[in-house]
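Q: I would like a close look at one part of this model, the packing between two of its helices, and then at how that part sits in the wider fold. Please take me through it in one connected account.

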Amino acid sequence: MAFNGHQCDDDIVDETPSKLPRCNKEMAGYYNNEAQNEAPVSAGRAACECRTSNSTPRHRKDSVKKTRPPFPWFGMDIGGTLVKLVYFEPKDITAEEEQEEVENLKSIRRYLTSNTAYGTTGIRDVHLELQDLMLCGRTGNLHFIRFPTHDLPVFLQMGRNKHFSSLHTTLCATGGGAYKFESDFRTMADLQLLKLDELDCLVRGVLYIDSVMSGGPSECYYFENPTDPDRCVQIPYPLENPYPLLLVNIGSGVSILAVYSKNNYKRVTGTSLGGGTFLGLCCLLTGCSTFEEALEIASQGESTRVDKLVRDIYGGDYERFGLPGWAVASSFGNMMFKEKRESVSKEDLARATLVTITNNIGSITRMCALNESIDRVVFVGNFLRVNTLSMKLLAYAMDYWSKGQLKALFLRHEGYFGAVGALLELLHPS
């Protein structure tokens, strides 16, 4: 599929291998912060960039230069709750390029990279930034930006004010909002959206980010001793030979994918009880207004005052049924009694809501893993952002109920993979 006639490299077959071969002691796509400042190579150009300079024809580089899309390079994932935006900031701009660069492009780059907050709700996640990344023959930094979907009109107005449409006319976008807000992009900002499949972008983004993080801090990790505050630690987990894996994307709702190879995956199932459910119920039950506030309130509560546990039903005779007494038998089951309702706090209600949503996701995930005969489960999505409570619950639940056969894995870039996949479609159209 062509993007405004631009194709970075006709010889590129795929830029998201499960793991890239080493070349000259460097991993292709290496995320390098070492003093040598060696330029990392993107996965998509691994085959050609690993050669010596003498074996790379000059005309090949010229061809790449002529056919890659013009700056700026963006990828967007417009979800039901959050808009995720990735922006590639070129750092190898020559003096000639800088002189020719139009003021509109300079203005956008300065605005996005000199701020960590945009208005009252836009955030650039500086800790996730990937530096010295090579994409489509250019070296630069990849920035990760998010803002609530209900503030999308503010983003469109900013694009209009900075004359974004004068630079190029199409944005690669995925998520339900790419369809819902397509006319708004066109009428409010004079921008055309190239709508991309959400699952394609998600898988593509996960595999790519994991590949370029191979030489730096591990993208994938798990929790050891998740229920013991004194002994709980994050352990890096290399996703070498990652297939098959179960990919659980937790956003406003939940989608579960079985991934058998980079080009072979399917949506197994999902549930409407996700991050949007947690926040919506917390707003009703506690009066909070943001996800961060809901999590803070939940961290101070005790869910067992709200939920009915197995031991509450069976007394001391539950072990012969093979059930632990601490397991939840009925979420919010204690709230049917007036005296129980009067004794709980909003913190307890928020914690019980979080536990209910997380346990439901864990239960469905475990059944999918059994049905698909997959023992590796990767959880992603913005529901997990700053949400170690749910991650530890998922880690413990997967391990306990599978008797150690399932390991819950997590990725540092959480909810940005769809946007990364959209950016890759801009640079390497499929």
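Q: How do helix α10 and helix α13 pack, and which residues meet there?

A: In this predicted model, helix α10, spanning residues 291–299, packs with helix α13, spanning residues 346–372, at an angle of about 105°, and their axes are 7 Å apart. Because angles of 65 to 115 degrees count as roughly perpendicular, the two helices are roughly perpendicular to each other. On the α10 side the contact involves Ala-294, Leu-295, Ile-297, Ala-298 and Ser-299, which meet Lys-346, Glu-347, Ala-350, Arg-351 and Leu-354 of α13. By class, the residues of this contact divide into six nonpolar, one polar and three charged.

The nonpolar cores give this contact its setting. The largest nonpolar core has 69 residues, and those with the most contacts inside it are Phe-185 and Leu-247. It draws at least three residues from each of domain 1 (70–210 + 418–427) and domain 2 (220–302 + 345–411). Apart from it lies another core, of 36 residues, and Leu-295 is among them, as are Phe-223, Val-248 and Ala-369. Leu-295 is also one of the α10 residues that meet α13. In soluble globular proteins, nonpolar side chains tend to be buried together.

Returning to the larger core, Phe-185 is in contact, neighbours within four places in sequence aside, with Met-76, Ile-78, Leu-152, Phe-155, Leu-156, Leu-171, Asp-190, Leu-191 and Leu-193.

Between the sequence positions of the two helices comes strand β16 (residues 308–309), where Lys-308 is found. Lys-308 has a relative accessible area of 15% and is therefore buried, the cut-off for buried being under 20%. Beyond its neighbours within four places in sequence, Lys-308 is in contact with Ile-313, Val-328, Ala-329, Ser-330, Gly-333, Asn-334 and Phe-337. The C-alpha atoms of Lys-308 and Ser-331 are separated by 6.3 Å, although these residues are 23 positions apart along the chain.

For the protein as a whole, the secondary structure comes to 15 helices and 19 strands, and buried residues make up 51% of the 430 residues. Of the contacts with a separation of 6 or more, 68% are between residues 24 or more positions apart.

Key. Residues numbered from 1 in each chain as written. Predicted model: local features only at pLDDT ≥ 70, side-chain atom pairs only at ≥ 80, totals over all residues. Heavy atoms only, no water. Axes fitted to C-alpha atoms, helices over the stretch in contact; angles between N-to-C directions. Helix = DSSP H or I, 4+ residues; strand = E, 2+ residues; numbered from the N terminus. Parallel < 35°, antiparallel > 145°, perpendicular 65-115°, else oblique. Contact = heavy atoms within 4.5 Å. Nonpolar A, V, L, I, M, F, W, Y, C, P; charged D, E, K, R; others polar. Core = buried A, V, L, I, M, F, W, Y, C linked by side-chain atoms within 4.5 Å. Buried < 20%, exposed > 50% of the residue type's maximum accessible area, 1.4 Å probe, protein only. Domains from an automatic or database assignment.
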